[in-house]
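Welcome to a short tour of one helix and a few backbone angles. Please keep the sequence and the 3D view at hand as you read.

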Amino acid sequence: MEKIKAVFNWSGGKDSAHALYKILKENRYDIVALLTTINKATRQSTMHHIPYPILELQADSIGIPLYTVDLTPKGNMEDYNQAMKNAVTHFMQTGVTHFIFGDIFLHDIRKYREEHLNPLGITVIEPLWNKSTYQIMNEFLATGIRSVVVTTMEELGERYIGKLIDRDFVNSLPYGSDPNGENGEYHSLCFDGPIFKYAIPFELGEPQQKNFDLKSDNGKTKTYFYWSTDIKVPNSQCPTI
């Protein structure tokens with residue numbers, strides 16, 4: 001049976017690695033690329049702030065080519081939509097019919113993806129979708145995938161930066177936190193596990209507090225604070241790609 005050609009939307013974090021693990025085990029899809037949106041100025045992934053060299057190492061270790069979509073710094077959704085539309089056009093010319101994501105239960109995000117991708121002829125696949133968040137976390141821990149926290153919202157604070165995501169980490173989260181960080185509590189860097197041929201070498205800097213402004217539907221702007229860390233590849237450990 002011929003496999004379905006698909007693009008996997010890769011964040012470099014825990015849920016993305018978990019979803020890819022499930023998809024590869026199914027063996028139904030021919031994953032032609034790991035697609036990652038990149039801030040054009042910083043050359044980091046837009047959500048997890050993972051630098052391009054680390055993303056390259058992840059793709060090389062997984063064995064699937066990396067495809068980056070450059071986004072304008074502080075661009076709007078029209079900028080994002082056009083960039084993704086260009087990517088879809090590129091991949092459809094190679095026979096791709098499906099885009100795979102690692103969302104869990106954010107219905108507005110899935111609706112947005114389907115409303116923008118389905119009219120272009122792309123089917124959205126969500127291998128982690130709509131399960132209990134605790135079930136998803138238990139499944140993740142059972143995979144053997146290793147991931148560390150690299151960004152936290154202000155509520156979690158700097159003490160979680162650099163923490164390995166394991167059972168102790170889950171048990172230590174404040175009451176009401178989603179264990180998968182699905183409400184934005186944290187983002188992570190995946191660096192080892194069964195989807196990788198070799199562990200990704202990396203170093204983390206000191207946590208730094210940052211902020212961003214978000215305008216709501218009523219026109220008011222709210223400032224959000226978060227903690228993040230610089231992620232670097234140790235020069236002595238960087239493999240040739």
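Helix α5 spans residues 133-143, and its buried residues are Thr133, Ile136, Met137, Phe140 and Thr143. Buried here means under 20% relative accessible area, exposed means over 50%, and partly exposed lies in between (1.4 Å probe, protein chains only). Helices (H or I, at least four residues) and strands (E, at least two) are DSSP runs, numbered from the N terminus. The buried residues cover an arc of only 115° around the axis, which puts them on the same side of α5; the arc is that of the directions from the helix axis to the C-beta atoms. An α-helix has 3.6 residues a turn, so residues three or four places apart point the same way.

This is a predicted model, in which local features need pLDDT of at least 70, side-chain atom pairs count only at pLDDT 80 or more, and totals for chains, interfaces and linings use all residues. Residues are numbered from 1 along each chain as its sequence is written, and side-chain values use heavy atoms, leaving out hydrogens and water.

What do the buried residues of α5 pack against? Their partners are α1 (14-26), β6 (146-153), α6 (167-172) and β7 (186-192), where contact means heavy atoms within 4.5 Å. On the face turned away from the buried side, α5 carries the exposed residues Tyr134 and Ala142.

Now for the positive phi angles:

| Residue | Phi | Place |
|---|---|---|
| Gly144 | about 85° | just after α5 |
| His49 | about 60° | loop between β2 (29-39) and α2 (52-62) |
| Asn130 | near 65° | loop between β5 (123-125) and α5 |

His49 is not a glycine, and with 26% relative accessibility it counts as partly exposed. Asn130 is likewise a residue other than glycine.
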